[in-house]
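Here are some notes for a colleague who is reading this model alongside its sequence. They are set out as numbered points, each on one topic.

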Amino acid sequence: MKKNLYAYMDRHRKVMKLILMMKATFILSVLFALQVHAGVYSQQVRLSMNLEKATIKQVIGEIKRNTEFSFVYSDADIAGMECVDVFFKNEPVENILTVCLKGTGLKFAIEEKTIIIWKGTPVKQDVKEERILKGRVVDEKGMPLPGATVILKGTTLGVVADTAGAFNIMLPKEGKHMLVFSFVGMKKQEIPVTDKEFIEVVLEEDREALADVVVTGYQTIAKERATGAYSIVDEETLRKKPTSNLAQALVGLVPGLTVVSAPVDGQVRFAIRGQGTISQVSMGNANFKPDNDPLIVVDGFPISGYRLDSEPFSTINPNDVESVTVLKDAAATSIYGARAANGVIVITTKKGRTGRKLEIAADAYWSVSSRTDLDYLFNMASAENQFRFEELMHKYNPINLASNDPYTKLSSRRRYMSAPFGMLYERDNKKNLSAGDYEAKKQELIELGNREVWKDDLNEYMFQRMMRQQYNVSLRGGSEKLDYAFSASYDDEDSYLQENSKRRMLLNLASNARLTKNLTFEFAVSTMFDRDENNGTSIESMRGWLSPWTRLTDDEGNFVHVATSQTVYEPLLMSGEYYAGKTPTDWTYNPAADRKYTDNYSKTMNYRVQGGFEYRTNWGLNMSAKGQYEQRRYTKHVSYEPESFYVRNLYNTYAEPLESGRYVSYFPTGGVFSNEGHTYEAYNLRGQVDYTMIKDKHMFNALVGTEVISATTEADPKVTRYGYNKYTNSVLTELDYVTKRNNIFGVSEYMPFEKLGSLSTLEDRFFSVYANASYTYDDRYSVTASFRTDASNFQAEDVRDKFSPFWSMGASWLISNERFMQEVS
């Protein structure tokens, strides 16, 4: 019995041992399967690589591009590390990384389809120890920033905020972490997070990063998504060219923006990518010159261009400009319709800053120019060459003034002859100058030309160094509900021509009020006061009488007569037989002496008011209703005192001879006064809705709007009054416009009369509908489409012809965001 019992127990032990071995084998198999599971995919995926002087980052990029692996690593750990030449053929990823990381001090581990690279002791990843952090990214006004990037510092882990600015990101549960927030046009911020479950991040505007956005006037988009041709000039670049006029600052800064006209002292006008070929348009019996100037937009609204005597850039304070965007082609400008045919210059001004303390800035600017290069400005032949030219012309084509001889024909006595021409005429035609006197006078004038005395006289009495002074002060700040910006600028400029000057004052105020969480009210006003003095002698006038032997004063400093086309032929004027001592008043002319008897100035007052409401939802829909009103008043005043040559010429011309041989004038005593001007008024009302959607790698934006534009210009005709007394501001004598009388030249004519211009009114009205849409995939591929149609008050046979539709499409590829370009510097 015992033997059988032992046999039974022995068999029982063997069965139990076998069961235990089977259990152990199963458990070990499961554990081994769990251990090798991570390496199964890596063993199955094999790659071939052939890279020269590759970095670790390039190898990682190649693996990511060709597999489903994702990587977790610190940029600082792999920065600058090279794997030298990489050549693998059909090798597992694990083998590739083992070879490439050898000797670098880096280690790696593969967990499912994630590869972790670290330096030193690895941190064990535990999915169960992760937590979700929720948050929202907004701007200083509390508006959401869709598309803002949130990245865990030191890793490539990151998410993008949705249309409401909200985001969710997975973070390790333990420890303190740093999140990096960024958005186009905003300053990057690093925010530490510990055990918080929700955070709201406010990003501040980065004025230095404004060059990364394109402002079209209707929307602001990242330059990576813009498909048209454009150029951006930021505030920093403009600050390097201090000037009183923004147009002068833009010269030479923008490719394709060429200067059409830029006088030494005057308005600068531009052309974008050339000018149109149409020089004149005929409509009925009238001819019109087409507008070749680009459209100028300030803070979203077009302003008055170069109408009549206006200069649009003079109404803008260069110190208030934040950025200038030049839109060049159809894809960029079509949303403005026909008015953008010559391109668009979009100007954005500075605004207040929400939640900032009051900031006060003041600066002053002085400049003194070098003297005008008279040789370059007038480019005259020498005195000797001018005499040689006239002598040769006279030799082969003798002077013949038989039909208009100033000695015999009274109506030809007011004329200009150059000194060589007149001397030859007096010597050979009138026999009033001997050959010896001719040569002596000729050598005297050539010697004057060689001494370049004319330059000394012009620099003394006509020209001066241009001097500019500019003073600016600005105040900016704001609370959580209201921001504000105020600036004042005063410009004082003395022209390179004596007695010409400009004085200008600019006052700007802008404010934004946050009425509710989503509703904002915007208000801005800009005012300009300008006075221009133009009593100097113009360059064109100087070219009419200047020569190498011209003198403005004699050796004793007394002003001398300067012959022009408005003066009597000099030998007759200086002869007692004809006019010297016989005319009612002195008939000589000197441009330097005449300036103090002329008062020529213009005044301009221009102001713009902008305002409107903007409502922003938390899910990407924005609505706005805005408007602008602009008014400009321009007046020009010109008066001549009785001592001026203009009045003396009238007084002597309208004179009759007495029996004594002297002349008596029947022109009224006193001065001459004239004035003219115009008024410009315009308003622009706009309603717009735009929507932005961001989902994963897709970004979609669309806007649609309508606007009404009206612009009216009323011109006041020029009115001239004779016999004017500036002290009493009255006309002393009314002219007799009915009776004809013989003047000093024996010509029967009426008293001088300037026909009054008609009161003219030019009105432009537009009703417009516009739309724009864009789509971007993975921050690499973008397509855009724009449409606009304008209905105007221009006459047309068919009502449908009053509508002018414009559309454009564009596409762009941001190749720098492609994986194969990541390592290209």
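1. Before the sheets are discussed, one definition is needed: two strands are taken to pair if DSSP finds at least two bridges between them. The model is a predicted one, and its local features are described where pLDDT is at least 70.

2. As an overview, the chain holds 16 helices and 40 strands, and of its 825 residues 43% are buried. Among contacts with a separation of 6 or more, 67% are between residues 24 or more positions apart. The exposed surface of the chain comes to about 44800 Å², with carbon and sulfur atoms supplying 54% of that area.

3. An open sheet is built from five strands in the order E15-E22-E23-E20-E21, and its pairing is mixed. Its edges are formed by strand E15 (230-234) and strand E21 (301-302), each of which pairs on one side only. Within this sheet, strand E22 (residues 321-327) and strand E23 (residues 344-349) run antiparallel and are joined by six bridges, with Val-324 having Ile-347 of E23 as its bridge partner.

4. A parallel pairing is found elsewhere in the chain, where strand E6 (residues 130-138) and E12 are linked over five bridges and Lys-134 stands opposite Phe-198 of E12. The side chains along strand E12 (residues 198-202) alternate: those of Ile-199 and Val-201 point to one face and are buried, whereas those of Phe-198, Glu-200 and Val-202 point to the other face and are not buried.

5. How do the axes of helix H10 (residues 419-429) and helix H11 (residues 435-451) cross? They come within 10 Å and cross at roughly 170°, which makes H10 roughly antiparallel to H11, because angles over 145 degrees are counted in that way. By class, the contact of H10 with H11 has six nonpolar and three charged residues, and no polar ones. On the H10 side the residues are Ala-419, Met-423, Leu-424 and Arg-427, and these meet Ala-435, Tyr-438, Lys-441, Lys-442 and Leu-445 of H11.

6. The loop between H10 and H11 contains Lys-431, a residue that has a positive phi of about 55° although it is not a glycine. Lys-431 has a relative accessible area of 63% and is therefore exposed, the cut-off being over 50%. Asn-379 also deserves a check: its phi is positive, at about 50°, although it is not a glycine. Asn-379 lies in the loop between helix H8 (374-378) and helix H9 (383-396), and with a relative accessibility of 65% it counts as exposed.

7. Helix H16 (residues 645-653) is mostly covered, with seven of its nine residues buried. These are Phe-645, Val-647, Arg-648, Asn-649, Leu-650, Asn-652 and Thr-653. The buried residues of H16 pack against helix H15 (591-594) and against four strands, namely strand E30 (621-640), strand E31 (655-657), strand E33 (671-695) and strand E34 (698-725).

8. Is Thr-527 buried or exposed? Thr-527, which is found in strand E28 (residues 519-534), has a relative accessibility of 16% and so counts as buried, since the limit is under 20%. When its neighbours within four places in sequence are left aside, Thr-527 is in contact with Met-505, Leu-506, Leu-507 and Asn-508, and also with Asn-606 and Tyr-607.

How values were computed
Residues numbered from 1 in each chain as written. Predicted model: local features only at pLDDT ≥ 70, side-chain atom pairs only at ≥ 80, totals over all residues. Heavy atoms only, no water. Helix = DSSP H or I, 4+ residues; strand = E, 2+ residues; numbered from the N terminus. Buried < 20%, exposed > 50% of the residue type's maximum accessible area, 1.4 Å probe, protein only. Contact = heavy atoms within 4.5 Å. Areas by Shrake-Rupley, 256 points an atom, 1.4 Å probe, with all protein chains shown as cover. Axes fitted to C-alpha atoms, helices over the stretch in contact; angles between N-to-C directions. Parallel < 35°, antiparallel > 145°, perpendicular 65-115°, else oblique. Nonpolar A, V, L, I, M, F, W, Y, C, P; charged D, E, K, R; others polar.
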